[in-house]
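Please keep the sequence and the model open while you read this note. Each point can be checked against them.

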Amino acid sequence: MGKKFDAAKAKVEDGKAYVVEEGFKLLPETACAKFDETVEVSGRLGVDPKHPEQMVRGTVVLPHGIGKKVRVLVFAKGEKEIEAREAGADFVGAEELIEKVGKGWLDFDSAVATPDIMGAVGKLGKVLGPRGLMPNPKLGTVTFDVKRAVSDLKAGKVEFRVDKAGNIHVPVGKASFGAVKLKENFLALMEAIVKAKPSSSKGVYLRSLFVSTTMGPGIKLDAVEVRNQFK
């Protein structure tokens, strides 16, 4: 990968902050692996997550998905179990499924649960929590509207959340999507992140933004331009 990475990096001007249009036109040219690389947006937000009121977390359904088949598990029973299966959930069940996950089975990407079963699902906190798989009402994954929850996840719903240092890392598609679709996914993500700005956050909120493919160099984006689009 050394020579290929160096060739890709040579296409990115050192220190330059690219406007969104230009940055995403350049992005596909920096993919240097044989597989279809994931495109990830990373950045720094002007928040201090040590304070609970400044935690930034949310979800957004990307208009073009993320280019990955999402395996959805639903904890439900009765009519909601039937609804989940009809909506396209990959795994559905109640007590037996909870027991299976509790023993370490984790072959799924997202989990949904109906509120009436969360008491039992809550026991899986130590298993699902560290992996970001625990159903959460704030993220729309603890709900009786199982059909919509499954449909959103299958369509490309992604979660964003700042880490302890105020950074975000979110996938927005595959390099094969091309510049236009990747840019549209990116703008949908940015709109959601801006809307999630805590009222207690002061000063500059979107401090820095980068986009890159899995194996490619980072491309710095003009955060000022992005901020101005969502004033």
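The points below go from the whole chain to single strands and residues.

1. Status and make-up. The model is predicted, not an experimental structure. Its secondary structure comes to 9 helices and 9 strands. The radius of gyration is 19 Å, close to the 17 Å that the globule rule gives for 231 residues, so the protein is as compact as a globular protein of that length. The C-alpha trace spans about 55 × 45 × 25 Å along the principal axes.

2. Inside and surface. Of the 231 residues, 44% count as buried. The protein exposes about 12,100 Å², and carbon and sulfur atoms supply 51% of that area. There are 38 positive and 30 negative charges, and the mean positions of the two sets are 4 Å apart.

3. Contacts along the chain. Take the contacts in the protein with a separation of 6 or more: residues 24 or more positions apart account for 71% of them. Points 6 and 7 give examples of residues far apart in sequence.

4. Strand β5. This strand covers residues 110-113, and Ser110 lies in it. Ser110 and Val112 point one way from β5, Ala111 and Ala113 point the other way, and all are buried. Ser110 has a relative accessible area of 16%; the cut-off for buried is under 20%, so Ser110 counts as buried. Leaving out residues up to four places away in sequence, Ser110 touches Val70, Arg71, Val72, Leu73, Leu133 and Leu153. Strand β3, residues 72-75, pairs with β5 in the parallel sense over 4 bridges. One of the residues just listed, Leu73, has Ala111 of β5 as its bridge partner.

5. Strand β2. In a regular strand the side chains alternate between the two faces of the sheet. Which residues of β2 point to the buried face? Gly58 and Val60 point to one face and are buried, while Arg57, Thr59 and Val61 point to the other and are not. Strand β2 (residues 57-61) is joined by 5 bridges to β6 (residues 157-161), and the two run antiparallel. The bridge partner of Gly58 in β6 is Phe160. The β2 pattern has buried residues on one face, whereas in β5 the residues pointing either way are buried.

6. Asp222. This residue lies in the loop between β9 (219-221) and α9. Is Asp222 buried or partly exposed? Asp222 is partly exposed, because its relative accessible area is 22% and the buried class ends at 20%. The C-alpha atoms of Asp222 and Ala17 are separated by 4.8 Å, although the two residues are 205 residues apart along the chain. Apart from neighbours within four places in sequence, Asp222 is in contact with Ala17, Tyr18 and Val19.

7. Phe230. This residue is found in the segment after α9 (223-229). Phe230 is partly exposed, with a relative accessible area of 22%. Which residues does Phe230 touch, not counting those up to four places away in sequence? They are Leu187, Met190, Glu191 and Val194. Phe230 and Met190 are 40 residues apart in sequence and 8.3 Å apart in space, C-alpha to C-alpha.

Notes: Residues are numbered from 1 along each chain as its sequence is written. This is a predicted model: local features need pLDDT of at least 70, side-chain atom pairs count only at pLDDT 80 or more; totals for chains, interfaces and linings use all residues. Side-chain values use heavy atoms; hydrogens and water are left out. The radius of gyration is taken over C-alpha atoms; the globule rule is 2.2 Å times the number of residues to the power 0.38. Buried means under 20% relative accessible area, exposed over 50%, partly exposed in between (1.4 Å probe, protein chains only). Contact means heavy atoms within 4.5 Å. Accessible areas come from the Shrake-Rupley method with a 1.4 Å probe; for residues, only the protein chains shown count as cover. Lys and Arg count as positive and Asp and Glu as negative; His and the chain ends are not counted. The place of a charge is taken as NZ of Lys, CZ of Arg, CG of Asp or CD of Glu. Two strands pair if DSSP finds at least two bridges between them.
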